[in-house]
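Good morning. Please have the sequence and the model open while I talk. I will begin with charged pairs and then turn to the nonpolar parts.

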Amino acid sequence: MNAAFINTESFSGKLREKALRRSTFELLVSRLADSSQESDLKEPTNCGGLGRIRHFKRETVVGWPQNPLPIDPACHRLGISLSESMTAQVFQNAACNWRCWYCFVPFGLLNADSKKSEWLTAEELVRRYSELADRPLILDLSGGQPDLTPEWIPWTMDALENRGMEGRTYLWSDDNLSTDYFWRYLTTKEIDRVTRFRNYGKVGCFKGFDERSFSFNTRAEPKLFDQQFDILLRSIQLGLDVYGYATFTSDCEKNIDTRMETFIDRLQDISPLLPLRVIPLRVDIFTPQRQEARPRQIGIAHEEALHIQEEAIRCWNQILQARFTQHQLKLPIYGVPLQ
């Protein structure tokens with residue numbers, strides 16, 4: 001294994017040990033107040049400095065698809081009118097096993113560092129969320145990598161139900177598709193809990209469109225690109241309401257059209273209409289990336305990658321237009337069948 005690559009299996013295990021106290025139902029949650037991430041926030045931190053408000057907007061930039069996640073699934077499940085934007089209450093677990101160069105979270109908040117985070121139960125987080133004066137309808141379990149501590153999801157569901165909030169809240173969680181911890185560590189009862197919770201959606205993020213772009217983006221071994229498809233498939237097979245993000249930054253601009261064709265082929269191998277549930281995300285540079293450890297992280301190759309993603313999205317758009325009918329392309333994202 002290349003020494004420059006992250007040993008994902010080993011690193012994930014160490015982070016999980018540092019970030020979870022299963023016996024007391026506690027996990028490490030990042031303290032956003034006074035962090036370098038705070039300067040990127042549009043509103044002050046809340047919930048004792050551990051939470052933030054995120055504004056999800058459908059409109060993106062010219063050439064990139066609109067982003068209906070998690071707006072449309074949330075409106076659909078909650079039985080409210082579709083909106084162009086929604087706010088969400090976000091908590092971030094304090095651990096991530098990859099180091100994506102474009103991550104909006106400072107790397108110091110990804111190391112399960114107890115000096116930059118706090119031990120809390122999901123019950124306490126939901127209590128703080130429930131007491132917000134203008135409580136968002138979406139509760140976003142983010143990170144970090146929430147699936148290093150997958151217990152967070154059923155514990156939060158229990159906490160919402162205990163407060164009678166399960167019908168008035170849409171629960172959304174992120175996954176970088178790096179581990180099988182959801183199946184390895186959750187009990188059958190906990191997995192059943194997740195599958196039975198109606199107002200829940202999960203999004204898996206593909207960190208690139210082939211092995212090379214994936215490894216360039218994450219610093220993980222190229223072979224783990226394939227694992228992302230397997231993990232997403234297992235979530236779909238459980239019957240979860242699953243969606244996808246994808247980032248298209250790469251250090252190589254050769255044969256992007258062919259490489260993108262192969263990426264979409266692999267999505268369709270899982271389910272023929274799956275690409276219609278995947279939203280490409282345009283990478284921008286946030287303040288923490290400009291402040292931390294540069295130019296090691298943001299160098300010439302990374303600047304070029306921001307341009308390469310524009311060619312990649314052009315290929316993505318062309319392929320989808322060729323492969324799907326106008327009726328299929330206009331389906332609401334939550335109405336795209338997977339099974």
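This is a predicted model. I start with Glu 151, which is buried, with a relative accessible area of 0%. What does Glu 151 form a salt bridge with? The partner is Arg 16, and the closest N and O atoms of the two are 2.6 Å apart. In sequence they are 135 residues apart: Arg 16 sits in helix α1, residues 8-19, and Glu 151 in the loop between β6 and α4. Arg 16 is buried as well, because its relative accessible area is 10% and the cut-off for buried is under 20%. The pair also belongs to a network of salt bridges that links Arg 16, Arg 22, Glu 151 and Glu 190.

In general, side chains of opposite charge can pair when their charged atoms come close. The structure holds 26 salt bridges, and I will show two others.

One joins the side chains of Asp 147 and Lys 202, at 2.9 Å from N to O. Asp 147 is in the loop between β6 and α4, and Lys 202 is in strand β8, residues 200-206, so this pair ties together parts that are 55 residues apart in sequence. Are these two residues buried or exposed? Both Asp 147 and Lys 202 are buried.

The other joins Arg 212 and Asp 251, with the closest N and O atoms 3.0 Å apart. Arg 212 is in helix α7, and Asp 251 is in the loop between β9 and α9, 39 residues away in sequence. Here Arg 212 is partly exposed, at 48% relative accessible area, and Asp 251 is partly exposed too, at 32%.

Next, Asp 72, in helix α2, residues 71-78. Its relative accessibility is 6%, so Asp 72 counts as buried. The side chain of Asp 72 makes a polar contact with the side chain of Arg 58, at 2.7 Å. Beyond its sequence neighbours up to four places away, Asp 72 touches Arg 58, Leu 82, Ile 333 and Tyr 334.

Now the nonpolar side. The largest nonpolar core has 66 residues, and Phe 248, Met 260, Phe 263 and Trp 316 have the most contacts inside it. Which helix gives the most to this core? Helix α11, residues 300-323, does, with seven residues. Apart from this core lies another, of 17 residues, including Cys 75 and Ile 333. You have already met Ile 333, as one of the residues that Asp 72 touches.

Technical notes
Residues are numbered from 1 along each chain as its sequence is written. This is a predicted model: local features need pLDDT of at least 70, side-chain atom pairs count only at pLDDT 80 or more; totals for chains, interfaces and linings use all residues. Side-chain values use heavy atoms; hydrogens and water are left out. A nonpolar core is a set of buried Ala, Val, Leu, Ile, Met, Phe, Trp, Tyr and Cys residues joined through side-chain atoms within 4.5 Å. Buried means under 20% relative accessible area, exposed over 50%, partly exposed in between (1.4 Å probe, protein chains only). Helices (H or I, at least four residues) and strands (E, at least two) are DSSP runs, numbered from the N terminus. Contact means heavy atoms within 4.5 Å. A polar contact is a pair of N or O atoms within 3.5 Å; within protein, one must be able to donate a hydrogen and the other to accept it, and residues adjacent in sequence count only if both atoms are side-chain atoms. A salt bridge is a side-chain nitrogen of Lys or Arg within 4 Å of a carboxyl oxygen of Asp or Glu.
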